[in-house]
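Please look through the model below before reading on; the paragraphs that follow move from a single strand out to its sheet and then to the helices.

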Amino acid sequence: MPKMRCATTDLRSTRELQAIHKQCARKLADLGLESLTTVEDIRARASALSERDIQLVPYALSGSGVHGLLVRTDTTDYVVYDSDTTTMHREHIILHELSHVMCGHTGSNKRELAEVLCRETYLDDQEVEAEMLASMMGQRVSPDSHRPIAVTNANLRRILASLTLEGSPAAP
Ligand SMILES: [Zn+2]
(Lines give C-alpha, C1' and ligand atoms only; values in the text may rest on other atoms or scores of the structure.)
Protein backbone atom coordinates (compact mmCIF):
# COMPACT_ATOMS: atom_id res chain seq x y z
CA MET A 1 0.00 0.00 0.00
CA PRO A 2 1.42 3.42 -0.91
CA LYS A 3 2.31 5.60 2.02
CA MET A 4 0.21 8.68 2.53
CA ARG A 5 2.25 11.73 1.85
CA CYS A 6 1.34 15.32 2.31
CA ALA A 7 2.09 16.61 -1.15
CA THR A 8 0.24 19.83 -0.40
CA THR A 9 3.21 21.04 1.59
CA ASP A 10 5.58 19.94 -1.15
CA LEU A 11 3.78 21.82 -3.83
CA ARG A 12 2.32 24.89 -2.14
CA SER A 13 3.89 27.76 -0.29
CA THR A 14 2.90 28.41 3.29
CA ARG A 15 1.24 31.64 2.26
CA GLU A 16 -0.76 29.87 -0.40
CA LEU A 17 -1.87 27.18 2.06
CA GLN A 18 -2.92 29.84 4.55
CA ALA A 19 -5.03 31.48 1.88
CA ILE A 20 -6.68 28.17 1.03
CA HIS A 21 -7.26 27.50 4.72
CA LYS A 22 -8.95 30.86 5.10
CA GLN A 23 -11.07 30.24 2.05
CA CYS A 24 -12.10 26.80 3.35
CA ALA A 25 -12.97 28.23 6.77
CA ARG A 26 -15.24 30.73 5.04
CA LYS A 27 -16.79 27.96 3.00
CA LEU A 28 -17.52 25.86 6.09
CA ALA A 29 -19.18 28.86 7.70
CA ASP A 30 -21.18 29.62 4.56
CA LEU A 31 -22.34 26.03 4.35
CA GLY A 32 -23.28 25.89 8.02
CA LEU A 33 -20.79 23.10 8.58
CA GLU A 34 -18.85 24.58 11.44
CA SER A 35 -20.33 22.55 14.23
CA LEU A 36 -21.17 19.21 12.63
CA THR A 37 -20.00 16.20 14.54
CA THR A 38 -20.62 13.15 12.38
CA VAL A 39 -19.65 12.05 8.91
CA GLU A 40 -23.30 11.16 8.32
CA ASP A 41 -24.33 14.77 9.05
CA ILE A 42 -21.80 15.99 6.54
CA ARG A 43 -22.94 13.44 3.97
CA ALA A 44 -26.55 14.56 4.44
CA ARG A 45 -25.55 18.22 4.12
CA ALA A 46 -23.55 17.53 0.95
CA SER A 47 -26.52 15.63 -0.45
CA ALA A 48 -28.90 18.49 0.29
CA LEU A 49 -26.51 21.04 -1.19
CA SER A 50 -25.90 19.14 -4.39
CA GLU A 51 -29.49 17.87 -4.59
CA ARG A 52 -28.07 14.44 -5.30
CA ASP A 53 -28.25 11.13 -3.53
CA ILE A 54 -24.89 10.35 -1.94
CA GLN A 55 -23.98 6.85 -0.82
CA LEU A 56 -20.92 5.75 1.09
CA VAL A 57 -19.54 2.54 -0.30
CA PRO A 58 -16.83 0.49 1.42
CA TYR A 59 -14.71 -1.32 -1.14
CA ALA A 60 -11.44 -3.24 -1.04
CA LEU A 61 -9.14 -0.84 -2.87
CA SER A 62 -5.90 -2.16 -1.42
CA GLY A 63 -3.16 -2.43 -3.98
CA SER A 64 -5.02 -0.27 -6.49
CA GLY A 65 -2.95 2.78 -5.60
CA VAL A 66 -5.99 4.83 -4.56
CA HIS A 67 -7.93 4.98 -1.32
CA GLY A 68 -11.05 6.76 -2.42
CA LEU A 69 -13.12 7.51 -5.49
CA LEU A 70 -16.05 9.68 -6.32
CA VAL A 71 -18.20 7.88 -8.86
CA ARG A 72 -20.96 10.01 -10.27
CA THR A 73 -23.95 8.61 -12.09
CA ASP A 74 -27.00 10.50 -13.35
CA THR A 75 -28.68 10.65 -9.98
CA THR A 76 -26.27 9.39 -7.38
CA ASP A 77 -22.77 10.16 -6.18
CA TYR A 78 -21.00 7.14 -4.78
CA VAL A 79 -18.20 7.85 -2.36
CA VAL A 80 -16.16 4.68 -2.63
CA TYR A 81 -13.64 4.35 0.16
CA ASP A 82 -10.99 1.81 1.04
CA SER A 83 -12.53 -0.63 3.49
CA ASP A 84 -9.12 -1.96 4.39
CA THR A 85 -7.59 0.90 6.32
CA THR A 86 -7.94 2.56 9.70
CA THR A 87 -11.16 4.19 10.83
CA MET A 88 -9.52 7.58 10.87
CA HIS A 89 -8.17 7.15 7.35
CA ARG A 90 -11.54 5.91 6.07
CA GLU A 91 -13.19 8.94 7.57
CA HIS A 92 -10.67 11.26 5.96
CA ILE A 93 -11.15 9.61 2.56
CA ILE A 94 -14.92 10.05 2.82
CA LEU A 95 -14.63 13.68 3.89
CA HIS A 96 -12.22 14.35 1.04
CA GLU A 97 -14.65 13.01 -1.54
CA LEU A 98 -17.60 14.82 0.08
CA SER A 99 -15.52 18.00 -0.12
CA HIS A 100 -15.36 17.60 -3.87
CA VAL A 101 -19.14 17.41 -3.94
CA MET A 102 -19.63 20.39 -1.66
CA CYS A 103 -17.12 22.52 -3.55
CA GLY A 104 -18.88 21.75 -6.80
CA HIS A 105 -15.77 20.21 -8.30
CA THR A 106 -16.45 18.62 -11.62
CA GLY A 107 -13.33 16.82 -12.73
CA SER A 108 -14.98 16.87 -16.14
CA ASN A 109 -11.64 16.79 -17.91
CA LYS A 110 -10.85 13.41 -16.47
CA ARG A 111 -13.67 11.00 -17.25
CA GLU A 112 -16.86 10.81 -19.19
CA LEU A 113 -18.92 7.90 -17.92
CA ALA A 114 -17.59 7.61 -14.43
CA GLU A 115 -15.90 10.61 -13.00
CA VAL A 116 -13.03 9.47 -10.91
CA LEU A 117 -11.07 11.68 -8.61
CA CYS A 118 -8.02 10.15 -7.10
CA ARG A 119 -7.38 11.47 -3.64
CA GLU A 120 -3.65 10.94 -3.58
CA THR A 121 -2.66 12.88 -6.64
CA TYR A 122 -2.60 16.51 -5.69
CA LEU A 123 -2.52 17.62 -9.26
CA ASP A 124 -4.66 20.67 -9.10
CA ASP A 125 -6.36 23.25 -6.95
CA GLN A 126 -9.42 21.06 -6.56
CA GLU A 127 -7.39 18.37 -4.84
CA VAL A 128 -5.72 20.82 -2.52
CA GLU A 129 -9.04 22.45 -1.63
CA ALA A 130 -10.73 19.10 -1.00
CA GLU A 131 -7.84 17.90 1.12
CA MET A 132 -7.83 21.05 3.19
CA LEU A 133 -11.60 21.03 3.67
CA ALA A 134 -11.54 17.34 4.61
CA SER A 135 -8.86 17.96 7.22
CA MET A 136 -10.78 20.85 8.70
CA MET A 137 -14.03 18.90 8.84
CA GLY A 138 -12.15 15.94 10.29
CA GLN A 139 -11.23 18.07 13.27
CA ARG A 140 -14.94 18.52 13.98
CA VAL A 141 -15.90 14.88 13.68
CA SER A 142 -15.72 12.24 16.35
CA PRO A 143 -14.23 8.91 15.29
CA ASP A 144 -16.50 5.96 14.54
CA SER A 145 -19.39 8.26 13.88
CA HIS A 146 -20.27 7.09 10.41
CA ARG A 147 -22.33 4.13 9.42
CA PRO A 148 -21.74 3.11 5.81
CA ILE A 149 -24.69 2.32 3.60
CA ALA A 150 -24.52 -1.12 2.06
CA VAL A 151 -24.09 -1.39 -1.70
CA THR A 152 -27.12 -2.81 -3.38
CA ASN A 153 -26.86 -1.04 -6.67
CA ALA A 154 -26.01 -3.36 -9.54
CA ASN A 155 -25.19 -0.39 -11.71
CA LEU A 156 -22.50 0.72 -9.33
CA ARG A 157 -20.95 -2.70 -9.34
CA ARG A 158 -20.81 -2.57 -13.11
CA ILE A 159 -19.17 0.84 -13.08
CA LEU A 160 -16.64 -0.20 -10.50
CA ALA A 161 -15.82 -3.32 -12.45
CA SER A 162 -15.18 -1.29 -15.58
CA LEU A 163 -12.96 1.25 -13.93
CA THR A 164 -9.33 1.30 -14.88
CA LEU A 165 -7.65 2.87 -11.93
CA GLU A 166 -5.07 5.45 -12.80
CA GLY A 167 -1.45 4.66 -12.11
CA SER A 168 0.08 1.28 -11.75
CA PRO A 169 -0.67 -0.99 -8.81
CA ALA A 170 1.25 -0.19 -5.68
CA ALA A 171 4.57 -1.92 -5.29
CA PRO A 172 4.76 -4.19 -2.26
ZN1 LIG B 1 -9.69 14.31 -4.57
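Strand 2 is covered on both of its faces, with Gly68, Leu70 and Arg72 buried on one side and Leu69 and Val71 buried on the other. The division into two sets reflects a general habit, since side chains in a regular strand alternate between the two faces of the sheet. In this predicted model, 5 of the 5 residues of strand 2 are buried, so the strand is largely enclosed by the rest of the structure.

Where does strand 2 sit in its sheet? The sheet is open and is formed by 3 strands in the order 1-3-2, with mixed pairing. Its edge strands are strand 1 (53–59) and strand 2 (68–72), each of which pairs on one side only. Averaged over the sheet and with direction ignored, neighbouring strands are turned by 20° against each other. Strands of a sheet pair through backbone hydrogen bonds, in either a parallel or an antiparallel manner. Strand 2 and strand 3 (residues 76–82) run antiparallel and are joined by 5 bridges, and the connection between strand 2 and strand 3 is a hairpin that passes through 3 residues. Within this pairing, Arg72, which is among the buried residues of strand 2, stands opposite Asp77 in strand 3.

Helix 4 (residues 87–102) packs on the sheet, where it touches strand 1, strand 2 and strand 3, and its direction makes about 155° with that of strand 3.

Helix 4 also has a helical partner, and two packed helices are described by the angle between their axes and the distance between the axes. The axes of helix 4 and helix 5 (residues 125–138) come within 8 Å and cross at roughly 125°, which means that helix 4 is oblique to helix 5. The crossing in which helix 4 passes helix 5 is right-handed.

Which residues make up this contact? From helix 4 come Glu91, His92, Leu95, His96, Ser99 and His100, and these meet Gln126, Ala130, Glu131, Leu133, Ala134, Met137 and Gly138 in helix 5. Taken by character, the residues of the contact between helix 4 and helix 5 divide into 5 nonpolar, 6 polar and 2 charged.

How values were computed: Residues numbered from 1 in each chain as written. Predicted model: local features only at pLDDT ≥ 70, side-chain atom pairs only at ≥ 80, totals over all residues. Pairing = 2+ DSSP bridges. Helix = DSSP H or I, 4+ residues; strand = E, 2+ residues; numbered from the N terminus. Axes fitted to C-alpha atoms, helices over the stretch in contact; angles between N-to-C directions. Contact = placed C-beta atoms within 7 Å. Parallel < 35°, antiparallel > 145°, perpendicular 65-115°, else oblique. Left-handed = near helix turned anticlockwise from the far one by under 90°. Nonpolar A, V, L, I, M, F, W, Y, C, P; charged D, E, K, R; others polar. Buried ≥ 20, exposed ≤ 12 C-beta atoms within 10 Å, placed from the backbone.
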